[in-house]
Amino acid sequence: MKNKRIAFLGLFVALAFVLSYIEFMLPINIGIPGAKIGLANLAVMVALYTVGERDAIALSIIRVVLVGLTFGNLSMMMYSLAGAALSLFVMLIAKRFGKFSMTGVSILGGVFHNVGQIIVAMLVLETGSLIYYLPFLIVIGTITGVIIGVIANLITVRVKRAFVM
């Protein structure tokens, strides 16, 4: 069983890394700096609902570090880690609470990822004026959370059916 978990975690890390690369290469500009779809969160969501919380946490940390070292810099990694940590924390609570669908958990993750990044930006730049940027990011986080949640649900159902977890 341990080998199966390690293999799945390795696959999820590779998938998250590839999805991050695809997103990095996509020239999507919706007029809001820093707004992204969050494709790598697909792997985190599927891991959360198939292999468990501990592995989803490990995946999230590994993904942020690998992507930060490969496509970004220390500053980007700091913002991404703050967003990922707050997002995952809220998703874990929502999942345990049991009142949210996978899409609902994903929406909360998308919104709180942006909240975490805004908090870090306000601390680093020492300005509270960035809070006015948050409503736009909440809308983007909600939209992308729905998209990621629906796709993650479809994938999770198939993964559970194909591999008895």
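Biologist: Why are α1 and α3 called oblique to each other?

Modeller: Bear in mind that this model is predicted. In it, α1 and α3 pack at an angle of about 40°, and their axes lie 9 Å apart. Angles under 35 degrees count as roughly parallel and 65 to 115 as roughly perpendicular. The angle of about 40° fits neither range, so the pair is oblique. The crossing of α1 past α3 is right-handed.

Biologist: Which residues in α1 and α3 meet?

Modeller: From α1 they include Leu9, Phe12, Val13 and Phe17, and from α3 they include Ala58, Leu59, Ile62 and Leu66. The residues of this contact divide into 13 nonpolar, 2 polar and 4 charged.

Biologist: Thanks! Now, what makes Thr144 count as buried?

Modeller: Its relative accessibility is 12%. Buried means under 20%, so Thr144 counts as buried. Thr144 is found in helix α6, and, leaving aside neighbours within four places in sequence, Thr144 is in contact with Lys36 and Ile37.

Biologist: And which residues touch the most other members of the largest nonpolar core?

Modeller: Phe12, Met45, Leu59 and Met91 do, in a core of 28 residues. The elements that give two or more residues to this core include α1 (2-25), α3 (53-71) and α6 (134-162), while α2 gives the most, with 8 residues.

Biologist: What does Met91 touch?

Modeller: Not counting residues up to four places away in sequence, Met91 touches Asn41, Val44, Met45, Leu48, Val105 and Gly109. Apart from the largest core lies another one of 5 residues, among them Val111 and Leu137.

How values were computed:
Residues are numbered from 1 along each chain as its sequence is written. This is a predicted model: local features need pLDDT of at least 70, side-chain atom pairs count only at pLDDT 80 or more; totals for chains, interfaces and linings use all residues. Side-chain values use heavy atoms; hydrogens and water are left out. A nonpolar core is a set of buried Ala, Val, Leu, Ile, Met, Phe, Trp, Tyr and Cys residues joined through side-chain atoms within 4.5 Å. Buried means under 20% relative accessible area, exposed over 50%, partly exposed in between (1.4 Å probe, protein chains only). Helices (H or I, at least four residues) and strands (E, at least two) are DSSP runs, numbered from the N terminus. Contact means heavy atoms within 4.5 Å. Axes are lines fitted to C-alpha atoms, for helices over the stretch in contact, and angles run from 0 to 180 degrees between N-to-C directions. Angles under 35 degrees count as roughly parallel, over 145 as roughly antiparallel, 65 to 115 as roughly perpendicular and the rest as oblique. A crossing is left-handed if the near helix is turned anticlockwise from the far one by less than a right angle, and right-handed if clockwise. Ala, Val, Leu, Ile, Met, Phe, Trp, Tyr, Cys and Pro count as nonpolar, Asp, Glu, Lys and Arg as charged, and the others, Gly among them, as polar.
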